[in-house]
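Work through the exercises below with the sequence and the 3D view at hand. Each task is followed by a stepwise solution.

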Amino acid sequence: EIHTCHISPLLSLIFKILGSAGFLGVNRPVEYGGLGLDYSYSVAVAEELGNIRCGGIPMAIGVQTDMATPALSRFGSDELKTEFLLPTIMGDKVACLGVSEVGAGSDVSSILTKAVKKGDEYVINGGKMWTTNGTQADWMCLLANTSEGPPHRNKSLICLPMNLPGVHIARKIDKIGMRSSDTAEIFFDDVRVPCKNVIGQEGMGFTYQMLQFQEERLWAVANILTMMDNIIQETIDYTRQRKIFKMPVLYHQSVHFKLAELQTEVELLRSLLYNATALYIKGNDMTKLASMAKLKAGRLARELGDSCLQFWGGMGFTSDVLVSRFYRDSRLLSIGGGADEVMLGIICKYMDMLPKK
Ligand SMILES: Cc1cc2nc3c(=O)[nH]c(=O)nc-3n(C[C@H](O)[C@H](O)[C@H](O)COP(=O)(O)OP(=O)(O)OC[C@H]3O[C@@H](n4cnc5c(N)ncnc54)[C@H](O)[C@@H]3O)c2cc1C
């Protein structure tokens with residue numbers, strides 16, 4: 001169990017320990033230090049990481065394993081994988097994902113960061129916002145516009161070393177939750193990176209990122225499921241020993257019925273996650289189920305955090321208990337990695353309800 005408030009000096013140490021034990025490349029190729037297992041094993045690891053008593057540390061690990069690296073692993077050249085994927089899996093390099101910008105979050109296609117080809121290099125200008133692990137990352141999986149073409153076909157994912165001249169970490173953002181995770185605003189001022197650092201085909205970045213998001217979303221669901229189990233259990237334990245009106249808080253029907261209902265919802269979500277995972281392992285598109293699971297997870301986490309916190313009374317409003325931390329940390333789930341409304345938009349598209357654009 002890792003109990004910590006401040007991640008910065010610890011992140012590379014934690015990653016080295018996890019990397020040496022094989023946990024940072026569970027479903028990645030063996031040639032690049034991975035374990036070569038199928039995605040269900042990654043889901044199992046994400047579930048286990050939910051036992052860490054905060055949201056920020058697991059999220060930092062998830063960025064490394066399931067958010068910044070899936071596209072590189074799937075589409076990157078051997079040379080890029082040797083330079084970036086292998087040390088990331090070994091825990092020697094910290095990765096971050098640079099998609100969102102100040103003016104573009106939900107609408108990824110409207111990002112403004114540009115990578116202009118000059119000889120065999122790209123010159124990058126622009127900036128990224130909300131970059132998790134951003135103040136300490138060794139490299140970024142960067143989404144940038146590499147041409148003037150249509151917005152879904154003019155972008156590329158680029159492996160960008162963070163120590164290059166012109167990469168400026170402007171600030172660490174103060175947040176209501178996930179406070180043990182560093183979230184950075186970053187600017188690029190004429191940053192030069194070799195063209196060979198493009199992941200896969202130039203112009204395919206938007207598509208690759210949409211695929212990469214699916215692993216991010218499943219990871220986030222798996223991780224929060226265990227946290228939700230734990231919050232319910234701790235709430236049962238606390239309310240069983242806390243007496244009001246001469247009996248435990250738990251024995252009031254409105255309390256134990258609500259906890260039973262929440263646990264039922266958690267189990268439904270678990271089934272959805274496992275269904276999506278099973279589809280994915282067989283090579284099928286699980287975008288619709290992953291979007292549904294992410295939507296449901298964000299909403300359930302909000303309901304569960306709020307209901308359980310209530311049953312702790314004043315104690316729930318202190319910083320001393322896990323439930324209050326969960327209440328703050330888990331709020332991100334309905335926003336990050338695609339907000340609830342973005343998930344609904346994807347689900348609608350898959351249900352074929354609206355005219356095609
Ligand atoms: C702590 C934290 C960590 C993050 N880490 C990363 C990271 O590592 N890398 C990265 O690239 N990004 C990261 N993000 C960014 C995150 O993915 C974005 O915040 C998210 O996609 C929403 O974008 P936005 O904040 O620009 O909100 P906006 O795009 O401004 O959206 C605002 C709100 O509009 C609503 N909305 C969206 N679409 C619709 C619609 N179609 N119809 C109706 N309403 C809609 C939603 O409620 C949404 O919350 C992180 C964010 C946070 C807060």
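**Exercise 1: Polar contacts of the ligand**

An oxygen atom of the ligand lies 3.3 Å from a polar backbone atom of Gly337. This is a predicted model, in which local features need pLDDT of at least 70 and side-chain atom pairs count only at pLDDT 80 or more, while totals for chains, interfaces and linings use all residues. Residues are numbered from 1 along each chain as its sequence is written, and side-chain values use heavy atoms, with hydrogens and water left out.

Task: find which side chain has an N or O atom 2.7 Å from an oxygen atom of the ligand, and state how much of the ligand the protein buries.

Solution.
- Step 1. A polar contact is a pair of N or O atoms within 3.5 Å; within protein, one must be able to donate a hydrogen and the other to accept it, and residues adjacent in sequence count only if both atoms are side-chain atoms.
- Step 2. The side chain at 2.7 Å is that of Ser106. Gly105 has a backbone N or O atom 3.5 Å from a ligand oxygen.
- Step 3. The ligand alone exposes 980 Å², of which the protein buries 63% (Shrake-Rupley method, 1.4 Å probe; for residues, only the protein chains shown count as cover).

**Exercise 2: The shell around the ligand**

Task: say which element gives the most residues to the shell around the ligand.

Solution.
- Step 1. Elements are DSSP runs numbered from the N terminus: helices (H or I) of at least four residues and strands (E) of at least two.
- Step 2. Two or more residues come from each of β3 (121-132) and α10 (340-350).
- Step 3. The strand β3 gives the most, with three residues.

**Exercise 3: Helix α3**

Task: decide whether the residues of α3 are buried or exposed.

Solution.
- Step 1. Buried means under 20% relative accessible area, exposed over 50%, and partly exposed in between (1.4 Å probe, protein chains only).
- Step 2. Among the buried residues of α3 are Gly56, Gln64, Asp66 and Met67.
- Step 3. Because 12 of the 12 residues of α3 are buried, the helix is largely enclosed by the rest of the structure.

**Exercise 4: A loop residue**

Task: locate Thr113 and name the residue whose backbone nitrogen lies 3.1 Å from a polar atom of its side chain.

Solution.
- Step 1. Thr113 sits in the loop between β1 (95-98) and β2 (114-118).
- Step 2. Thr113 is buried, at a relative accessible area of 0%.
- Step 3. The backbone nitrogen belongs to Gly127.
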